[in-house]
Amino acid sequence: MDWVNAVVQGVLLGGLYALFAAGLSLIFGVMRLVNIAHGDLIVLAAYLGLSTTVLLGVHPFVALLVVMPLMAGIGYALQRGILNQTLGPDILPPLLVTFGLSVIIQNALLETYTADPRKLSGGAIETASVNMGGITMGVLPLLTFGIAVAVIWGLQFIFYRTALGRGFRAVSDNQDIAQLMGLNKAHVFGVAMALALAVVAIAGILLGMRTSFDPAIGGGRLIFGFEAVIIGGLGNLWGTLAGGVILGVAQTVGARIDPGFQLLAGHIAFLVVLAVRPNGLFPRVEH
Amino acid sequence: MSEPVLKLTNLDAFYGDFQALYGLDLGVGAGEVVAIIGANGAGKTTLMRSISGLLANRADAIVYKGQSIGTLRADQVAACGIALVPEGRQLFPSLSVEENLLIGGKVGRQGAWSLNRVYDLFPILKDRRAQASTSLSGGQQQMVAIGRALMANPDLILFDEISLGLAPVVIRQIYDALPGIVSDGMTAMIVEQDITKALSVSSRVFCLMEGRIALEGRTGDVTHDQITAAYFGVDS
């Protein structure tokens, strides 16, 4: 039963990883941008959530109403102001610039909030649990997983069922021709980044309620997000969810074997998938 | 010719240090169908890219309806009412047939062309509407590319090599559809390597050679020998 429990907890943890990864996947899918600062943006969102809960005295979930639009606005400004200038045939400039951005965000958070670990207080929901067939599941992890599924479904809907998503796919296919169709790619990219950072806001708040955070943990979240994206296959959002789940299960099962084995087990699972299926498990099927 | 819809004045175009067009002067009147012919590398596609805004130019090198559009981005040019059917179709592979057409309407200009009218023009596309655009035959893909441009309700439509790589019977189908497209006053520029086809639908012809206009005239007035000379740069 302990093993089943470890798998179930891993699946739920995978929901959080999928949320870390969804924004990465979306940005890469639309503009072929690998955002090294993604993890730090998640941490930034957690801190913005902290400030909002403290200043307004509201629950972290209510703080989302402030943090999501705020992060979306930051995303749009970031994309139009800086990142669009780095995009081109060479993939190196966006990597370098987002790496620099990562350093800047970390230091700005350090200056503003100090290095002390902080946490978002979710109240009773943090300790609430439900028991199903002898397995106890935390309400917050369950909720996180449900939100992850809803977010992925929502992104999938936007991508394949709306005019906005049509624009995303068209620009991703062929930037020049999309421009001919009246789509200003600079704006489309800005909207894509805004959407990605709105998801980052959700991920950051849920992270902050689950564990304590400090300005330096962004890199680790970035790695988890990356691994989920790569395991699932680039450009496939449901694959990203599967990737997050596989990573989460590998970690919790690894921890069941030996508590010190948790992170390593996740990385090993990632390497195994990469060795067996270099394109990930569910790469986007070309129509 | 009345006041031209499109007027090119001393148009140069560059790819980095390489100059592809040299001081082109060219005017197209409202409702006119103009053919641009020339050998490979003569600058035909560069001319299309310049007009449609994919290549930046001097502002006043390209004047459309009295507005200097040489420096505008392609999406701004499209909003002005110029649509391009690009060489090689260039459909969006991630989009279905219908989505490819819908995205053409993204420019948001009002006019006679709608999804239904495109389906009336090319009924086969209606049957294939949900299919991936890349699963169509070359001719059907070309129909989508033309429909996609029409969905923008342009006043000036540019066709770049629409018969390239298609079977003769398909080319005839496409060209049979052209009069229906330009009949309601749309101005058209047709880039074509098939000179006979180009001359059959146009009223005036420009022949490019190495980035310069080597010949221009009314379709009925230019002789076969003149075209040969302008096309190949040799006297026949």
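Select B:Val33, B:Ala35 and B:Ile37: they point one way from β3(B). Now add B:Val34, B:Ile36 and B:Gly38, which point the other way. All of these residues are buried (20 or more other C-beta atoms within 10 Å of the residue's own; exposed means 12 or fewer, partly exposed in between; C-beta atoms are placed from the backbone). In a regular strand, side chains alternate between the two faces of the sheet.

This is a predicted model: local features need pLDDT of at least 70, side-chain atom pairs count only at pLDDT 80 or more, and totals for chains, interfaces and linings use all residues. Residues are numbered from 1 along each chain as its sequence is written, while chains are lettered from A and ligands numbered from 1 in the order in which they are written.

Next, select residues 33–38 of chain B. This is strand β3, and 6 of its 6 residues are buried. Strands (E, at least two residues) and helices (H or I, at least four) are DSSP runs, numbered from the N terminus.

Now find its partners. Strands pair if DSSP finds at least two bridges between them. Show residues 187–191 of chain B: this is β8, parallel to β3(B) over 4 bridges. Here B:Val33 has B:Ala188 as its bridge partner. Then show β9, residues 204–209 of chain B, also parallel to β3(B), over 5 bridges. Look for B:Phe206 in β9(B), opposite B:Ile36.

Last stop: where the chains meet. Chain A gives 17 residues to the contact and chain B gives 24 (C-beta atoms, placed from the backbone, within 7 Å). On chain A, select α6 (163–173) and α7 (175–180), the elements that give two or more residues to this side. The most come from α6(A), with 6 residues.

How values were computed. Two residues are in contact if their C-beta atoms, placed from the backbone, lie within 7 Å.
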